[in-house]
Amino acid sequence: MSDGALTVIDGTHLRAVEPQRFDANGAVTGAEVLELADAAVSSKLFGLSLPESLKSNALKRIKTDAVTFSNGSFNGDDASSKFLEYVNAIADELSDGPIAVAVLDGKIVRDCLEDEDDFAMLAENLFTELDGEDRGKVGKSEIRRALDLMGIDMGIPPISEFPGLNDILKKHGTLGAEMLGQAQFAELLQHVLQDLANELAANHIVFIRNIRIINGSKLRKLLADEIQLESVIHEIFKGNDGSDRKSFTERVKLFLGKFLDLPSSDANESVSLFYDLLSSEVDDGENADELEIDEFGALVKDSFAKSAAVLDAEPIIHNSHT
């Protein structure tokens, strides 16, 4: 899944990784297997190095840890098997907990520059925002603030991820105290963005964003855990005693909001969309209050399965800073 500068990594790309072939007659260390597997994973994920915590959790899935695995020794066939087992464990980890990455290659910036009307409107809006005192002029140094205002969603990398941005700003003299009118500001911004687009096209910037991706994996795990699921069904069923006047669908939404730790639908459009899709997919359970526990449970299971499918098709994207 990709949306402009945002790409969701859910392990799908890793399912196509081919097993590494090793010398059938030689011994292979676990450290070698891990190094080759990490390189294979990185090559499938835009050259991204995955967090150590994610790799550690993947190793736990195959009942080991980095030290134990690294110190191991395998023949060629076993090494190939371990290689694929580890890569699949990373894919499973990403499937359960997708990560969001920014892949900045200059395309968003170029598209903005190529549309004269869009760029003119952008430059005008930025100038107005920066000209807080309405003097009709802003300092050259405000170009950097303009890039901050554009942000990652408009293809601008943070300085921490792309120090080369400082060189571009210096090249165009944006550290000076000279004041610029709106037309001058737009011209300078255009030159800075053009150089930035060229740099990003030559050297893509890829980094993990602090964004939470909520898909259907947690609900699928709940559906597979009969004991926990039975407890949840009884908890929701309690409303049938008349103490809870909420409809069946409202009770399901309330449970999902807490279980998935969803942000408020008022503050997150994707949560609102999820609830709307859920209402159209899930049986509203008009007669749920009259059902026995077994029939009620079947209704709950069906609503959870459909909810998981909705989340897999349209994951909720939640900025952790909001």
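Buried means under 20% relative accessible area. That cut-off will help you with the close-ups below, which come from a predicted model.

**Figure 1. A serine tucked inside helix α14.** Welcome to Ser 303, which sits in helix α14, the run of residues 293–313. Its relative accessibility is 0%, so Ser 303 counts as buried. Which backbone oxygen does the side chain of Ser 303 reach? The partner is that of Val 300, at 2.6 Å. Setting aside residues up to four places away in sequence, Ser 303 also touches Phe 248, Val 252, Leu 278 and Val 282.

**Figure 2. The largest nonpolar core.** This view takes you to a core of 34 residues. Phe 119, Leu 147, Phe 185, Leu 189 and Leu 193 are the members with the most contacts inside it. Two strands, β5 (99–104) and β8 (205–209), each supply at least two residues of this core. So do the helices α5 (107–114), α6 (116–130), α7 (142–150), α8 (164–171) and α9 (182–202). Which element gives the most? That is α9, with nine residues.

**Figure 3. Leu 147 and its partners, with a look at a second core.** Here we zoom in on Leu 147, one of the residues with the most contacts inside the largest core. Neighbours within four places in sequence are left out of this view; beyond them, Leu 147 is in contact with Ile 156, Leu 165, Leu 169, Leu 189, Val 192 and Leu 193. A second core, separate from this one, has 30 residues, among them Ile 9, Val 33, Leu 45 and Phe 83.

**Figure 4. Phe 69 in helix α3.** Phe 69 belongs to helix α3, which covers residues 66–70. Is Phe 69 buried or exposed? Its relative accessible area is 5%, so Phe 69 is buried. Around it, not counting residues up to four places away in sequence, it touches Gly 30, Ala 31, Val 33, Leu 34, Leu 59, Ile 62, Thr 64, Phe 74 and Lys 82. To get a feel for the scale, find Arg 251 as well: Phe 69 and Arg 251 are 182 residues apart in sequence, and their C-alpha atoms are 46 Å apart in space.

**Figure 5. The second largest pocket.** This pocket has a volume of about 250 Å³. Its lining is made of 14 residues, and Asp 96, Gly 97, Ile 213, Asn 215 and Ser 217 lie nearest the centre. Strand β9 (211–214) and helix α10 (217–224) each supply at least two lining residues, and β9 gives the most, with four. How does the lining divide by residue type? There are seven nonpolar, three polar and four charged residues.

**Figure 6. A buried lysine in a loop.** Lys 140 is found in the loop between β6 (138–139) and α7. With a relative accessible area of 17%, Lys 140 is buried. Its contacts, leaving aside neighbours within four places in sequence, are His 172, Gly 173, Thr 174, Gly 176, Glu 178, Leu 180 and Leu 188.

**Figure 7. Two loop residues with positive phi.** Phe 46 lies in the loop between α1 (30–44) and α2 (52–61), while Lys 63 lies in the loop between α2 and α3. Phi of Phe 46 is near 60°, a positive value in a residue other than glycine. For Lys 63, phi is likewise near 60°. How exposed is each one? Phe 46 is partly exposed, at 39% relative accessible area, whereas Lys 63, at 74% relative accessibility, counts as exposed.

Conventions: Residues are numbered from 1 along each chain as its sequence is written. This is a predicted model: local features need pLDDT of at least 70, side-chain atom pairs count only at pLDDT 80 or more; totals for chains, interfaces and linings use all residues. Side-chain values use heavy atoms; hydrogens and water are left out. A nonpolar core is a set of buried Ala, Val, Leu, Ile, Met, Phe, Trp, Tyr and Cys residues joined through side-chain atoms within 4.5 Å. Buried means under 20% relative accessible area, exposed over 50%, partly exposed in between (1.4 Å probe, protein chains only). Contact means heavy atoms within 4.5 Å. A polar contact is a pair of N or O atoms within 3.5 Å; within protein, one must be able to donate a hydrogen and the other to accept it, and residues adjacent in sequence count only if both atoms are side-chain atoms. On a 1 Å grid over the protein atoms alone, a cavity is a set of points where a 1.4 Å probe fits but cannot get out, and a pocket is an open set with protein on both sides within 12 Å along at least five of seven lines; lining residues have an atom within 4 Å of a point. Grid points are joined across faces, edges and corners, and a volume is the space filled by probe spheres set on the points. Ala, Val, Leu, Ile, Met, Phe, Trp, Tyr, Cys and Pro count as nonpolar, Asp, Glu, Lys and Arg as charged, and the others, Gly among them, as polar.
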